[in-house]
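Here's a quick walk through one model, starting with how its strands pair up. Have the structure open as you read.

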Amino acid sequence: MQNNIFIKNKKLIFSVFIIFVLVSAVIGGVKEKRWTSSATITISNNIKSQGNFLPLLYLDNKTENYNKLKYIYSNNNLYKEFIIFLNSNKNKSEFIKLENNSNLHLEDIIITRKSNDNTVISITTSNKKESKMLVYKYIDFTSSNAKNYVLKDYSSTMSQLKYDFNNLLEKENEKAKNKVSIEIKRLKAAYEIASLSNNKEAINNYSPDNILPAFLGTRIIKNKIKYLENIKDYEIIIPEIMIVKDDINILNKAKIPTKVVPVFFSYQEKPTLPLVQNKPTFKVIIFFGVIFGFLSSLLLVFVKEQVIIQSTGKTND
């Protein structure tokens, strides 16, 4: 019975089957061919970028901004900043705008983190050579933007570090001034005591427990007061001031490395020319057209026969 159904409806089965195959062929022919080129990058082991920080290793005072400045050109931070830019939709949009003839879209640029150290950059276009070229271009474009950001961050942190040291110098100078001021007050009080005692010269037999050095005599006390009042370089009072000044000189001589290109990554796999077209290919579309065409034709025959059987049953009733 079922064989009779298929034979009786062979024209319908063949027609539906051919329609599906033809539609699949049209879709496969019209569908734009897409090619994806990829590159895999990893953290760089290059030490040239870290050379920008070498002059600052001689600083004696290590502050929070010092540690930040040191971290900016570390391989881990350079790689991290580069990945952030790679993933940024703003960065992608700017690149797409620059490459306006390539018909790129945001979804055509895919960044995949395989691990903390490895990242895959993929770009899909309708031209295999263009896909490979655009991967290189996008990496170079991102490197330029990341470099500008790193330099700006380095410059800003350097300015903040200089401010830290100048602020530290100001505090140390203020501390020295207060120390000198207190000492002058002590000496003036001692001078009054020595004057009242008519002690012009130093007294040899004195008690070390005396708070005020009146035993020095008015002549020596007067000279000490005069000396302290004329002090200009306070590192004589607080030697640490000289260390801070040396640190400031080192910072002032350190240059912002504008001409040094940071090494953000190293290639694990460079961009390659795609050899296989993105799925679904023309053959895959035709294959599914054949399968769905065959199944759909059978289903249509069964539905048709059921309708006929139900219609015949109602007529007999």
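## Strands and their pairing

In this predicted model, strand β2 (residues 109–113) pairs with β3 in the antiparallel sense, over 5 bridges. A hairpin of 4 residues takes the chain from β2 to β3. If you want a landmark for the register, look at isoleucine 110, which sits opposite serine 122 in β3.

β3 has another partner too: strand β1 (residues 35–42) is joined to β3 by 8 bridges, and that pair also runs antiparallel. Here the landmark is alanine 39, standing opposite isoleucine 121 in β3.

## Both faces of β3

So, is β3 (residues 118–125) mostly covered or mostly open? Mostly covered: 8 of its 8 residues are buried. Asn118, Val120, Ser122 and Thr124 point one way from the strand, while Thr119, Ile121, Ile123 and Thr125 point the other way, and all of them are buried.

## Helix α6, end to end

Helix α6 covers residues 128–196, which is 69 residues. At 1.5 Å a residue it should span 102 Å, and its end C-alpha atoms are 102 Å apart, so the expected span and the model agree.

Both ends have something to look at. At the start of α6, asparagine 127 puts a side-chain oxygen within 2.9 Å of the backbone nitrogen of lysine 129. Following the helix comes asparagine 198, with a positive phi near 60 degrees.

## The nonpolar core

Which residues have the most contacts inside the largest nonpolar core? They are Ile41, Phe82, Leu86 and Tyr138, in a core of 56 residues. The largest share of this core comes from α6, with 19 residues. As a general point, nonpolar side chains in soluble globular proteins tend to be buried together.

Tyrosine 138 is a handy place to zoom in. Leaving out residues up to four places away in sequence, tyrosine 138 touches a list of residues that includes Phe85, Leu86 and Phe95, along with Ile109, Ile111, Ile121 and Ile123. Ser88, Asn91 and Lys92 are among its contacts as well.

## Proline 213 in the loop

Past α6, proline 213 lies in the loop between α6 and α7 (218–229). Is this proline buried or exposed? Its relative accessible area is 10%, so proline 213 counts as buried, the cut-off being under 20%.

Not counting residues up to four places away in sequence, proline 213 touches Arg186, Leu187, Ala190 and Ile221. Proline 213 and alanine 189 are 24 residues apart in sequence, but their C-alpha atoms are 8.9 Å apart in space.

Notes
Residues numbered from 1 in each chain as written. Predicted model: local features only at pLDDT ≥ 70, side-chain atom pairs only at ≥ 80, totals over all residues. Heavy atoms only, no water. Helix = DSSP H or I, 4+ residues; strand = E, 2+ residues; numbered from the N terminus. Expected span 1.5 Å × (residues − 1). Polar contact = N/O pair within 3.5 Å; in protein donor to acceptor, adjacent residues only side chain to side chain. Buried < 20%, exposed > 50% of the residue type's maximum accessible area, 1.4 Å probe, protein only. Pairing = 2+ DSSP bridges. Contact = heavy atoms within 4.5 Å. Core = buried A, V, L, I, M, F, W, Y, C linked by side-chain atoms within 4.5 Å.
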